[in-house]
Amino acid sequence: MPVTSMTVVSTSAHHETRTPTSSPLNFDEASRTCFSFKNRRRSSYCSSLVLNRLQINRKSIPLYLVCITLFVIATALGQTPPEKKTLSWKTRLVSEREPGEPLIVSGTIYQSDGKTPIPNALLYVYHTDATGVYAPKGSAQDSIRIKGWMKTNSEGKFEFRTIKPVCYPRSSAVAHIHAKIFLPNGSERWDEFLFDGDTNLRSHVYEKHKDEGIFSPIMKINHGGDGVLRCVKNIRIR
Ligand SMILES: [Fe+2]
């Protein structure tokens, strides 16, 4: 869903919650107590108290730290722009064998005047597969499978080949492509690409974007004779 004209759709993690067997920790009280201790021994006692109340075994701390570090690194890597020199304005997100309707999305990124193209902007896109999921069941939350990077050419253009995403299973959400734009001036924007004719696309969404013309997030679908769907998505940076 991971934003504004960008609507960000975030996936929510499922966390297990342990039920404490001891009384709930009063953090204000614990903090005041901890910081009032003058010596290290008492501080150590205090940290033990907190860990015990949180039911965290000291021996497990390194494991917790490793897990947290790996999660942070993996999350950062997912949206960290790769080396600019290796990027093309045109890319392919999936192989020929990927199930789903083949789709090519092309467009141009413009400055706020809607006329001046922005060369060398980075574009990161990702979306669900033909079953409506970002990653196979059981895989890490950050392991989005269909994704790719581009760098706009001298005319501000980009293009990617993929398959048409499907909305989330058992959901009334619209099918969509998430896009993050990294501008040459260092600023970043989120955008979202939608599909005209999506049965889940409500009339108020059409109404909201009716005056945006070629910059509407709702893409018209051109059913070409070669079996490949084609859409155009122009982006105006505000
Ligand atoms: Fe999404």
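How many bridges join β2 to strand β11 (residues 235–236)? The structure is a predicted model, in which local features need pLDDT of at least 70, side-chain atom pairs count only at pLDDT 80 or more, and totals for chains, interfaces and linings use all residues. Residues are numbered from 1 along each chain as its sequence is written. The protein chain contains 4 helices and 11 strands, these being DSSP runs (H or I, at least four residues, for helices; E, at least two, for strands) numbered from the N terminus.

Strand β2 (residues 102–110) is joined to β11 by 2 bridges, and the two run parallel; strands count as paired if DSSP finds at least two bridges between them. Within this pairing, Tyr 110 stands opposite Arg 236. Strand β10 (residues 229–232) also pairs with β2 in the parallel sense, over 4 bridges, with Ile 104 opposite Arg 230. By contrast, β2 and β5 (residues 157–163) run antiparallel and are joined by 7 bridges; here Pro 102 stands opposite Ile 163.

In a regular strand, side chains alternate between the two faces of the sheet. Along β2, Leu 103, Val 105, Gly 107 and Ile 109 point to one face and are buried, whereas Pro 102, Ile 104, Ser 106, Thr 108 and Tyr 110 point to the other and are not. A residue is buried if 20 or more other C-beta atoms, placed from the backbone, lie within 10 Å of its own.

The largest nonpolar core (buried Ala, Val, Leu, Ile, Met, Phe, Trp, Tyr and Cys residues joined through C-beta atoms within 7 Å) has 31 residues, of which Leu 123, Val 125, Ala 179 and Ile 181 touch the most other members. Strand β3 gives the most to this core, with 5 residues.

Notes. A residue is buried if 20 or more other C-beta atoms lie within 10 Å of its own, exposed if 12 or fewer, and partly exposed in between; C-beta atoms are placed from the backbone.
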